[in-house]
Amino acid sequence: MFLHRQELQFKSTPDKPDAVYARKLQEVLGGQYGEITVAMQYMFQGWNMHLPGKYRDLVFGIASEEIGHVEMLATMIAQLLEKAPLGITSDAVQDDPTVAAIVGGTDVQHAIVAGAGARPVDSNGNPWQGTYITASGNLLADFTSNANAEMQGRIQVARLYHMTDDAGVRDLLSFLLARDNMHQNQWIAAARELQEEGYETLPTPSNFPLSKEHQAVSYQYQNFSDGAAAAEGSWASGPTPDGKGKFSYHEGPTTTAPMPPPTRPDARMYGTTDVPNPVEKAAGTAQDKLHKE
């Protein structure tokens, strides 16, 4: 059950309208790492979770907060657009480079489609996509993905902070930065606790038998670049984080295999192969007559 309360988690009001910045703010609303993504990601993780208790409660709790952040950003975008100019429809746009730059920086669909409101899109107007979310059912994989999402989102909010001098907008971004800070730490703590309690460990999925891996290369750093300094990292020698092996370093691959012969798909795929064209045509005709699917 969801219940909407008509109030915001944090109060902030922009100092002045700014349609150009409203477009920039769309990135952390409807972009790949925006608030819509994390809200839906955490919700689907909760709905797909097979483990009741504190982990599911954590996921639903943060997911619900993120829906509130969607509302906060949508409200701020609407405020930035509230008294912004409707646009210029004369040749002045072409005559004045400054005016052209301003008009070119706005999202015209803010006005035409949304009536001076926010849209579920990124800063380039690309629609938000469900493919942005990760909800695999494996909590260590999901919580690690969540930490990354919060890191990427906080990077973008931090950049946006320096793209405006509006004190009201900065108030909102300052609050979101703090919550992203908290959520990064929560997901990292949750991932660590999962491992300590034995629900999941590295390598994930931990229930897949290591004996079924080609174990000769499980912990080899195979350097496919001419950057030799990679050999100096802890990932190239010493114990592995999963505690199940030791890293080794190798210049380039340690295994090779000859290329297999070219494939020859069904003649009715109409690919160009080394089979003579008349033969391909005859083969396709014969297969059709024999009703071979």
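**Reading the labels in a predicted model**

User: Why does K54 count as partly exposed?

Analyst: This is a predicted model, and in it K54 has a relative accessibility of 44%. Buried means under 20% and exposed means over 50%. The value of 44% falls in between, so K54 counts as partly exposed.

User: What makes K54 and E197 a salt bridge?

Analyst: The closest N and O atoms of the pair are 2.6 Å apart. The cut-off is 4 Å, so the pair qualifies as a salt bridge. E197 lies in the loop between α9 and β1 (220–223), while K54 is in helix α4, so the pair ties together parts that are 143 residues apart in sequence. E197 is partly exposed, at 38% relative accessibility. K54 and E197 also belong to a network of salt bridges together with E193.

User: How do you know that K16 forms a salt bridge with D165?

Analyst: Here the closest N and O atoms are 3.7 Å apart, which is within the 4 Å limit, so the name fits. K16 sits in the segment before α1 and D165 in the loop between α8 and α9, so this salt bridge ties together parts that are 149 residues apart in sequence.

User: Why is D165 called exposed?

Analyst: D165 has a relative accessible area of 64%. Exposed means over 50%, so D165 earns that label. Its partner K16, at 42%, counts as partly exposed.

User: What makes R192 and E196 a salt bridge?

Analyst: Their side chains meet at 3.9 Å, N to O, and that is within 4 Å, so the pair counts. Both residues lie in helix α9, four residues apart, about one turn of the helix. Residues three or four places apart in an α-helix point the same way, because there are 3.6 residues a turn.

User: How do you know that the span of α9 agrees with what it should be?

Analyst: At 1.5 Å a residue, the 30 residues of α9 should span 44 Å. Its end C-alpha atoms are 43 Å apart, which agrees.

User: Why does T240 count as buried?

Analyst: T240 has a relative accessibility of 7%. Buried means under 20%, so T240 is buried. T240 is placed in the loop between β2 (238–239) and β3 (246–251). Leaving aside neighbours within four places in sequence, T240 is in contact with Y219, G245, K246 and F247.

User: What makes the pair of T240 and D242 a polar contact?

Analyst: Their side chains come to 2.6 Å. The limit is 3.5 Å, so this distance meets it.

Conventions. Residues are numbered from 1 along each chain as its sequence is written. This is a predicted model: local features need pLDDT of at least 70, side-chain atom pairs count only at pLDDT 80 or more; totals for chains, interfaces and linings use all residues. Side-chain values use heavy atoms; hydrogens and water are left out. Helices (H or I, at least four residues) and strands (E, at least two) are DSSP runs, numbered from the N terminus. Buried means under 20% relative accessible area, exposed over 50%, partly exposed in between (1.4 Å probe, protein chains only). A polar contact is a pair of N or O atoms within 3.5 Å; within protein, one must be able to donate a hydrogen and the other to accept it, and residues adjacent in sequence count only if both atoms are side-chain atoms. Contact means heavy atoms within 4.5 Å. The expected span of a helix is 1.5 Å times one less than its number of residues.
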